[in-house]
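The following exercises introduce a protein structure through a few of its residues. Please attempt each task before reading its solution.

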Amino acid sequence: MTDISQPYHPSPSAGRPDDRHADTTDFGFRDVPLREKKSLVRNVFDSVASKYDIMNDVMSLGIHRAWKKIFVNELGPHPDLSLLDLAGGTGDISFGWLRGGGGPAILSDINVSMLTVGRNRALERGLVSGLNFLAVDAEAIPLADNSVDRVSIAFGLRNCTDKLQVLREARRILRPGGRFLCLEFSRVQVAAFAPVYDAWSFHVLPRMGAAIAGDRESYQYLAESIRMFPDQETLADMMREAGLERVSYQNLSGGIAAIHSGWKI
């Protein structure tokens, strides 16, 4: 299937907020009503979609490209394996999977604007064969149990309302022996670097977002969302709680980002 459908939404009881509160959750440093977060996040990515790839280079000084290469190698592309790329956005992970010799892939995202950019990029690169597109809420994935070999999510989990539910869904659709991998900004492990990183995130990045994308507020949110995301050990514990096994992680660039891995045994 190559059409982009409307997002599939879970029922109100499909998950629970990460902070265990009944009616609020985080949106950056703000507490917002639980029911509003998805629309707020969607507005952010509607705003930044056309400049997303440029701003990824700005946010990471281009290092995200090296991180993604490591991440795709960890996925282990193989013609006999299938991939669901959650929050796949403009397609970098799906494209890397296919170029690496991986089998059928589904590029999915809750945001249709981002997914449209991803589809256009796939067409430009001649990567449509073996690639499907699906607008989907990662908290309620409309795929059967035990249906894919790999599930990936790169720089997307921190924007999800109920991260534990996303992890449970990833495990549900994995085949036994399948692997879940998450690439995400994480907790810096080099204390001396933390002040520089904070200055970059909260002072330079929003200004560059205003200059390049005409949107300071969205990039302020993106910086704040990184700080609100669980640290390496907390995310590993959440993966275990979701039923994933042999959970591990590796830090990238001193913990600016990390790759988490878990298996369905």
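Contact here means that heavy atoms lie within 4.5 Å. The model is predicted.

**Exercise 1. Determine which residues surround Lys264 and whether its charge is paired.**

Step 1. Locate the residue: Lys264 belongs to the segment after β9 (257–263).

Step 2. List its contacts, leaving out residues up to four places away in sequence. Lys264 touches Asn146, Arg171, Arg172, Leu174, Arg175, Pro176, Gly177, Gly178 and Leu244.

Step 3. Look for a partner of opposite charge. A salt bridge requires a side-chain nitrogen of Lys or Arg within 4 Å of a carboxyl oxygen of Asp or Glu. The nearest side chain of opposite charge, Asp145, is 6.7 Å away, and Lys264 has no salt bridge although it is buried.

Step 4. Look for a polar partner. The side chain of Lys264 reaches the backbone oxygen of Arg172 at 3.3 Å.

**Exercise 2. Explain why Cys182 is not bonded to Cys160.**

Step 1. Recall the chemistry: a disulfide is a covalent bond between the sulfur atoms of two cysteines.

Step 2. Apply the cut-off, which is 2.5 Å between the sulfur atoms. The cysteine sulfur closest to that of Cys182 is in Cys160, and because they are 9.2 Å apart, the distance is too great for a bond.

Step 3. Check the whole structure: the search finds zero disulfides.

Step 4. Consider the surroundings of each residue. Cys160 has 13% relative accessibility and counts as buried; Cys182 is also buried, with a relative accessible area of 1%.

**Exercise 3. Identify the residues that touch the most other members of the largest nonpolar core.**

Step 1. The core has 44 residues, and those touching the most other members are Trp67, Phe71, Leu131, Leu183 and Phe185.

Step 2. Among the helices, note α8 (residues 216–228), which gives the most to this core, with five residues.

Step 3. Take Trp67 as an example. Leaving out residues up to four places away in sequence, its contacts include Leu183, Phe185, Phe155 and Ile256.

**Exercise 4. Establish why helix α6 (residues 163–173) is described as largely enclosed.**

Step 1. Name the buried residues of α6: Lys163, Leu164, Gln165, Val166, Leu167, Glu169, Ala170 and Ile173.

Step 2. Draw the conclusion. Eight of the eleven residues in α6 are buried, so the helix is largely enclosed by the rest of the structure.

Methods: Residues numbered from 1 in each chain as written. Predicted model: local features only at pLDDT ≥ 70, side-chain atom pairs only at ≥ 80, totals over all residues. Heavy atoms only, no water. Core = buried A, V, L, I, M, F, W, Y, C linked by side-chain atoms within 4.5 Å. Buried < 20%, exposed > 50% of the residue type's maximum accessible area, 1.4 Å probe, protein only. Helix = DSSP H or I, 4+ residues; strand = E, 2+ residues; numbered from the N terminus. Lys, Arg positive; Asp, Glu negative; His and termini not counted. Polar contact = N/O pair within 3.5 Å; in protein donor to acceptor, adjacent residues only side chain to side chain.
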